[in-house]
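Q: Please take one part of this model and go through it closely, residue by residue where that helps. Then set that part against the rest of the chain.

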Amino acid sequence: ENLYSRGTADKKPYNMMASSHSRLQNGGTGAERFTFSPEPTIEDIRRMQAEFTDERDWNQFHQPRNLLLAMVGEVGEVSELFQWRGEVAEGLPNWTECEREQLAQELSDVMIYLVELAEKCHVDLPQAVLRKMALNRLKYPASKVHGSAKKYTEYKD
Ligand SMILES: Nc1ccn([C@H]2C[C@H](O)[C@@H](COP(=O)(O)OP(=O)(O)OP(=O)(O)O)O2)c(=O)n1
C-alpha cells in the first residue's frame, strides 16, 4: 500500500477528500489556500510505523537518540533538494513532478521519525502541539505583532 499514490485516485478508506484535495497531490500553485487530507492522523502514523518496526524486529535500533539522528539525517535530505536554488516561492513553481515527489518522500521520512521519536519519549505529540500553539498565541498576541516578524524579546511591553 502506497501512501503517495493517493492523489486523484479514490480507493483508500482515508481518502475522503474535500474538493481542495482533488488536485495534483504535490503540486498546485493555485490561489486557494493549500490544505491537507484529514487522514491519516498523527496517531495513525504512530501506529503504522510501530507495526512496520515490530514486523522487522527493529525496535532494538529505534531508541530516542537513534531516531533523533535519523530524523536530522532526513532533514539534511530535504535541505539537499533546496540547496543552490535561491529562494523558492510557495507551491514550488518550476519544480518537476519528480522533484515534488522526492520532497514529499523526504518530508515524510522526517515526519515518520519525528512521530516515532515522540512516541519513544512518551510525548503525546498532537496534544503537545495544541499546548505549544496556545503558548505561542499568548507570547505573540496578534494585535501586538501583526505584520512583524520580530522575536518576542524585541517587544518592549
Ligand atoms: N532502520 C530504519 C530504516 C528505515 N526506516 C524507515 C523510516 C523512513 O521513512 C525510511 C528511511 O529509509 P532509508 O534510511 O532507506 O532512507 P531514504 O528512504 O531517505 O533512502 P536514501 O537514504 O537512500 O535516500 O524507512 C525505519 O523506520 N528504520
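A: A residue is called exposed if 12 or fewer other C-beta atoms lie within 10 Å of its own, and buried if there are 20 or more. Arginine 56 has 9 C-beta neighbours inside 10 Å, so this residue counts as exposed. The model is predicted, and that applies to every value below.

The part examined here is the end of helix α1 and the loop that follows. Arginine 56 belongs to helix α1, which covers residues 42-56. The helix has 15 residues, and from its first C-alpha to its last it reaches 21 Å, close to the 21 Å expected at 1.5 Å a residue. An α-helix has 3.6 residues a turn, so residues three or four places apart point the same way.

On the N-terminal side, proline 40 sits in the segment before α1. The peptide bond that leads from glutamate 39 into proline 40 is cis, and its omega is near 5°.

On the other side, aspartate 57 comes just after α1 and takes a positive phi of about 55°. Its place is in the loop between α1 and α2, where α2 covers 64-82. The positive phi occurs here in a residue other than glycine. Is aspartate 57 buried or exposed? Aspartate 57 counts as exposed because it has 8 C-beta neighbours inside 10 Å.

Helix α2 follows that loop. Its 19 residues should span 27 Å at 1.5 Å a residue, and its end C-alpha atoms are 27 Å apart, so the two values agree. Just after α2, tryptophan 84 takes a positive phi of about 70°.

Farther along the chain there is another residue to set beside aspartate 57. Histidine 122 lies in the loop between α3 (97-120) and α4 (125-139). Its phi is near 60°, again positive in a residue other than glycine. With 7 other C-beta atoms within 10 Å, histidine 122 is exposed.

The ligand also involves this part of the chain. The residues around the ligand include Thr53, Trp58 and Phe61, together with Glu77, Asp109 and Ile112. By class, this shell has three nonpolar, one polar and two charged residues.

Arginine 56 can also be placed relative to a residue much later in sequence. Serine 148 is 92 residues away along the chain, and the C-alpha atoms of arginine 56 and serine 148 are separated by 49 Å.

For the chain as a whole, there are five helices and zero strands. From the N terminus on, the elements run α-α-α-α-α. Of the 157 residues, 5% count as buried. Among contacts between residues at least 6 apart in sequence, 66% join residues at least 24 apart.

Confidence should be read alongside all of this. The protein chain averages a pLDDT of 85, and 78% of the residues score at least 70. Over residues 1-23, however, the pLDDT is below 50, and this stretch has 19 contacts in the model beyond near neighbours in sequence. For the complex, the predictor gives an ipTM of 0.97 and a pTM of 0.82.

Notes. Residues numbered from 1 in each chain as written. Predicted model: local features only at pLDDT ≥ 70, side-chain atom pairs only at ≥ 80, totals over all residues. Near = placed C-beta within 6 Å. Nonpolar A, V, L, I, M, F, W, Y, C, P; charged D, E, K, R; others polar. pLDDT = per-residue confidence, 0-100. Contact = placed C-beta atoms within 7 Å. Helix = DSSP H or I, 4+ residues; strand = E, 2+ residues; numbered from the N terminus. Expected span 1.5 Å × (residues − 1).
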